[in-house]
Amino acid sequence: MNALNLKLIRDLLAMKSQAVAIGLVVASGVALYVMSANTARSLRESQQAYYDHARFADVFASLKRAPKTLAHQVAAIPGVARVQTRVVEAVTLDVPGLAEPATGRLVSVPERGRPVLNDIHLRRGRDIEPNRPGEVLVNEGFATANGLQPGDTVGAVINGRRQDLRIVGIAMSPECIMVVAPGDMFPDDEHYGVFWMGERELASVFDLEGAFNDLNLTLMPGASVAEVIRRLDRLLAPYGGAGAYGRKEQVSNTYLSDEITGVETMARISPMIFLGVAAFLLNIVLARVITAQRQQIAVLKAFGYDRWEVGFHFMKLALFIAVGGAVTGGAFGLWMGRGMTNLYASFYRFPTGYYPDFTVMLTGFLLSVAAASLGVLNAVQRAVRLPAAEAMRPEPPAAFRATLIERIGLQRWFSSSARMTMRNLERKPWAAALSISGIALAAAILMVGNFGQDSVNYMMEFQFEKSLRADMTVALVEASSGRALQNIRHLPGVMHAEPYRSLSVRLRAGHRSRRVGIMGLEGGGDLYHLLNVKEEQVVLPPEGLLLSDKLAELLDVGAGDRVTVEVLEGARPVRQMPVAGIVTEFAGVTAYMQLSALNRLSREGNSLSGAFLAVDPDQQDALFASLKATPRVAGVSVKEAAIASFRKTMQSSMLQMRLFMIFFSCIIAFGVVYNSARISLAERSRELATLRIIGFTRAEISMILLGEIVVITLLAIPLGLAMGYGLMQLMAQAMNTELYRIPVVISRSSYVFSAGVVMVATLVSSLIVRRKLDHLDLVSVLKAAQ
Amino acid sequence: MSPKPVFQTSGITKIYHMGEVDVPALRGVDVQFFKGEFVVLLGPSGSGKSTLMNILGGLDVPTAGTVHYGDRDMTAFGDAALTDYRRNHVGFVFQFYNLIPSLTARENVALVTDIAENHMAPEEALEMVDLTDRLDHFPSQMSGGEQQRVAIARAIAKRPEVLLCDEPTGALDMQTGIIVLEAIERVNRELNTTTAVITHNAVIASMADRVIYLLDGKISKIVQNETKVAAAHLTW
């Protein structure tokens, strides 16, 4: 090895703790990138492979009832490849061990052979067999959440009759990778399940023999989804078609695709933050190394090393750290990616493989090398430009002057060591600003690590306490008359009930359109409040629509604009309606109207789809028992149970991600703070040694240096908290989808956590620096006056 | 003494711009150095010795005037030519040694032999300065005199045509200084290297072939020594 490379290695060893700290920051960025990118890639590939393999439909439609022969006409629509008709019905379930009723979606499958589309795959047990009534397959999520095994039975109220569903197998389907009950915000595997049942049996109990009420189709390559949907809607309208929709609006698919997009977003954002910090650290460290090695650089030049050899020598220092970090981080990220993919695989139920990609590794590697090179560019340029003769002289003493505080006459309030600290900060405002912004960035990233937690709590409170004030929501099988409401009010334990009507419509504004449900609520109702962004209640206008904020954004309309409402049920009227206002919602897209106005719109008289209930807790069990046996009830959603189930899912999936983020954020915080402290020490050690010689105590010189570090930290923390808020806004923007909007909510504890970690990092770094101060080489100061 | 000079300068001036004032460091210097010659440049602080040395060594360029190295006009050299010149033709010894602290004696010398074309082995160079027992010591493990001898070994390992020494004994006591001067003397004699030593210590002038006196950026006089005194016999 040549002498210059030996010098490189020895220089690196001399600054090994700083090099490791920076290397770890690089490693964190690369690890997060490799993990996220490989996870996103694995999920995308697995999703696509599964969709292809299981023949996932492109277009979905439900209707009241149509003869099976209609399928031929559907197949004749240009662009349609394959058509599958089914019977799909919602039923109330009585699950062993579950007090509250659950809801089941019964989906027909052929008694023999595979479904044409949306094929189901057995995970355990066996397929249903013809002529064995009551046999069903159940989706894996529901089975797992309720501990159901093949051989278990679940009670169901099917078309008014209680019947046992005998589970023979546990299965999955591309349609229900993620299962969300209609009208619900979040998946609730415990209370909503999908059951597959023989078509003949299902059709016969729902009087749909020779008919269907659900249809899926796939498209020919290049066919227009919108055009097929338009023709399909026209064809299905006389049969009570509720509006067809494409994969983009299929809940399970949207959920999974949004999640993958989220992981991809993270793969883009996280390395930028981490590698940006690493570049920044390398810059300040290398600038310091180059200042300290002015004479060495001059000697190298005097002996005939050219400027590129000198520049590359210092560049290698940065590259060595970056490459070391990238390799470590890459390996770690590869390993974490497998864990993360497995975690998603257990959360989303579909066959998932881990497909790490070489190009991901290479990109991570190149990104870190590029970040390191950019970070040290100007420091290296300084070394390259340093004229050989000038470099031979030590840097001229810096110009000091009294600080602003002293100039305005406050000096008597400060000790001489405090004055030294202040003058040093004021003399090098850029160096101080760099340190402050570095530490601020660490504080900001620490806040991002907590992103989501506070927001989810806020969303839960907003949705389940402030907005939905009912204890329970009961959905009826189909729109029913006011008599149904009377019946519900007479159920045991029901203290108060308010009806609602959900109507499928397509809203149009200009060229934009969305298929949504309009929720009709009683004016002046107390069990479901619509709120604006300030959490103030928005009163339903007697006429016109309230749109959720995301829906207004999607349609590009605001209060006062008009939209076209195409009702997709019953007589299918089309009307122009004004948008009366905007309400805040964090999940889904919904429009709201007064129930009476909605019923006038749908021309259905006094009808309801369900009711919100306030329930006497003492009689809850009796109410559950009656609901489980009530024929027209299609589903019951119990607030407490939904909250508990949601928390369980969110915690398992988010916790791991948060732990990763927090772990890496702590690395950044320590990396930045420790490096700042070490650089201050290196820059000041000669001066401090001189002070010791003239009689300052260890404690006194520690005060000068640590005082500077503390001042920098205290200035950095508020800035960092503000930056963290900004970063969260960016993340929230990146994660804003039709399914969810994540509000930027940061609790006091997140601020405290972030500030606390930075302060602990400062404390630990200060202690290390303090130890080094105790071993200051006093004699060296007296030697050569360099 | 060969009639053809190694260096020939004519009318070189060097002006440093310090803020709003121009400080002339050299004001028209004409001087020649010959093959194998031992020259001492003598003068007080600020007389322009170091500036002249830096220009001869290719570390700096004059504001006006020309410097010829052999037949070549150094003032026309670009960065690459200056680098090549320093790499292969000139050796430097500095007052404060300027060793790389993270490299051993042998490695400091290797720093030069790694890149020079016509070099000797690092061990051979260290042998010339009598440091064979200090090969693997780091600068911090050596005395000032030893460090300066490593610096000399580092300067001569490329077999330079010219050896430029800027106050080589300035940071040393007399005894150690003499050992260092003996090493320079030996290199001059055995390798026939043109040697220029800058000093403000007049005693050292007696070991030179020629003494050039500088004052206020000009040559005040040049003295040819009749007899050279060996370094070992110097005292101050």
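How many salt bridges does the rule find across the interface of domain 1 of chain A and domain 2 of chain A? In this predicted model, the rule finds one salt bridge there, and it helps to see where the two domains lie before looking at that pair in detail.

Chain A is divided into domain 1, which covers residues 90–193, and domain 2, which covers residues 458–646. Between the C-alpha centres of these two domains of chain A there is a distance of 27 Å, and their contact draws on 20 residues from domain 1 and 22 residues from domain 2. Together the two domains of chain A bury about 1600 Å², and 65% of this area lies on carbon and sulfur atoms. On the side of domain 1 of chain A, Pro101(A), Met185(A) and Phe186(A) supply 36% of the area buried against domain 2, which is more than any other three residues give.

The salt bridge between the domains can now be given its partners, for Asp94(A) forms a salt bridge with Lys628(A), and the closest N and O atoms of this pair are 2.9 Å apart. Between the same two domains of chain A the count of residue pairs in polar contact is four, with both residues of a pair at pLDDT 80 or more. Strand β3 of chain A, residues 88–94, gives five residues to the side of domain 1 that touches domain 2, and this is the largest share from any element. Sorted by class, the residues on that side of domain 1 of chain A comprise 10 nonpolar, four polar and six charged ones.

From the domains within chain A we can turn to the contact of chain A with chain B. Here 26 residues come from chain B and 24 residues from chain A, while the area buried between the two chains is about 2200 Å², with carbon and sulfur atoms giving 62% of it.

Across this interface of chain B and chain A the rule finds three salt bridges. Glu107(B) forms a salt bridge with Arg10(A), in which the closest N and O atoms are 2.4 Å apart. The rule also finds eight residue pairs in polar contact between chain B and chain A, again with both residues at pLDDT 80 or more. On the side of chain B that touches chain A, the elements that give two or more residues are α2 (79–88), α3 (105–113) and α5 (144–156) of chain B. That side of chain B has 13 nonpolar, five polar and eight charged residues.

Key. Residues numbered from 1 in each chain as written. Chains lettered and ligands numbered in written order. Predicted model: local features only at pLDDT ≥ 70, side-chain atom pairs only at ≥ 80, totals over all residues. Heavy atoms only, no water. Domains from an automatic or database assignment. Contact = heavy atoms within 4.5 Å. Buried area = accessible area lost by both parts, 1.4 Å probe. Salt bridge = Lys/Arg side-chain N within 4 Å of Asp/Glu carboxyl O. Polar contact = N/O pair within 3.5 Å; in protein donor to acceptor, adjacent residues only side chain to side chain. Helix = DSSP H or I, 4+ residues; strand = E, 2+ residues; numbered from the N terminus. Nonpolar A, V, L, I, M, F, W, Y, C, P; charged D, E, K, R; others polar.
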